[in-house]
Amino acid sequence: KIKACLFDLDGVIVDTAKYHYIAWKELANQMGFDFTLEDNERLKGVSRMTSLDILLSIGNVEKSEEEKLELATKKNENYLSYILKMGPEEILPGTKEFLESLNKEGIKIALGSASKNAMTILDRLELTSYFEAIIDGTKVSKAKPDPEVFLKGAEALNVSPDECVVFEDAEAGIEAAIAGGMKCVGIGSPDILKKANFVVDGLHKMNITMLKSLSS
Ligand code: G16
Ligand code: MG
């Protein structure tokens with residue numbers, strides 16, 4: 001029986017990838033190299049410091065650990081200036097409707113995100129109250145594809161992993177769900193998210209019947 005749904009944030013509930021992109025691009029340009037939208041795909045679902053390492057490798061730039069911390073802080077301050085202007089109109093289609101249908105069914109809801117800004121983003125979107133547990137980048141030590149973020153979510157909701165369904169747009173996130181013994185719905189392209197139980201374009205394509213088809 002499905003007792004809980006665990007949601008990734010960026011790419012599932014909201015498209016913050018575009019703001020991450022602007023902020024990383026500005027940082028790259030200040031260091032004298034370009035950063036393309038295609039490069040940005042490599043940063044999805046990846047932690048802030050790992051994202052910076054990928055960015056620096058693209059520019060062929062080497063920095064000390066101290067300089068890296070400064071650069072990551074600078075990027076985050078710039079990113080936050082965009083995030084703080086967001087509002088509920090940026091919630092991806094069907095999200096609220098699906099969360100409400102889960103509430104009606106008595107299915108628990110948690111967030112499982114790599115972002116350290118997850119709380120701020122949920123507040124800006126006015127979605128915080130839907131989540132019984134919020135596991136974000138401030139609460140985990142191992143990044144996806146490690147299942148830590150989702151296992152902590154299940155634990156906080158007091159359900160077992162096989163009673164959980166994870167919603168993820170990144171391959172590493174799908175792998176994390178599987179490694180944790182959970183069912184998984186991919187959000188995006190079936191060509192990329194091959195390992196998911198099934199893939200939909202977005203939460204507007206989800207309903208309770210589809211969710212229940214995953215129970216075994
Ligand atoms: C998100 C994004 C990643 C970002 C990471 C860390 O993960 O997909 O691109 O690098 O969070 O974000 P921050 O710099 O805000 O801590 P998720 O797991 O919500 O998709
Ligand atoms: Mg994501």
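**Buried sites in a predicted chain**

Mentor: Of the 216 residues in the chain, 39% are buried, meaning that 20 or more other C-beta atoms, placed from the backbone, lie within 10 Å of the residue's own (12 or fewer is exposed, in between is partly exposed). This is a predicted model, in which local features need pLDDT of at least 70, side-chain atom pairs count only at pLDDT 80 or more, and totals for chains, interfaces and linings use all residues. Residues are numbered from 1 along each chain as its sequence is written, while chains are lettered from A and ligands numbered from 1 in the order in which they are written.

Trainee: How many helices and strands are there in the chain?

Mentor: The chain has nine helices and six strands, which are DSSP runs numbered from the N terminus (helices: H or I, at least four residues; strands: E, at least two). Its radius of gyration is 17 Å, close to the 17 Å from the globule rule for 216 residues, so the chain is as compact as a globular protein of that length. That radius is taken over C-alpha atoms, and the rule is 2.2 Å times the number of residues to the power 0.38.

Trainee: What does the C-alpha trace span along its principal axes?

Mentor: It spans about 55 × 35 × 30 Å.

Trainee: Changing topic, which residues carry the "binding site" annotation?

Mentor: The unreviewed UniProt entry lists Asp 8, Asp 10, Glu 168 and Asp 169. They span 162 residues in sequence, yet no two of their C-alpha atoms are more than 8.9 Å apart, so they gather at one spot. UniProt positions follow the numbering used here, feature names are shortened, and annotations may be inferred rather than shown by experiment.

Trainee: And where is the "active site" placed?

Mentor: The unreviewed UniProt entry places that feature at Asp 8 and Asp 10. Asp 8 is in the loop between strand S1 (4-7) and helix H1 (17-30), and Asp 10 is in the loop between S1 and H1.

Trainee: Is Asp 8 buried or exposed?

Mentor: Asp 8 is buried, because 28 other C-beta atoms lie within 10 Å. Asp 10 is buried too, with 24.

Trainee: What does Asp 8 contact, leaving aside neighbours within four places in sequence?

Mentor: Its contacts (C-beta atoms, placed from the backbone, within 7 Å) include Gly 112, Ser 113, Glu 168 and Asp 169.

Trainee: Where is Glu 168 found?

Mentor: Glu 168 is in strand S4 (residues 164-168), and it counts as buried with 27 C-beta neighbours inside 10 Å.

Note on methods
Contact = placed C-beta atoms within 7 Å.
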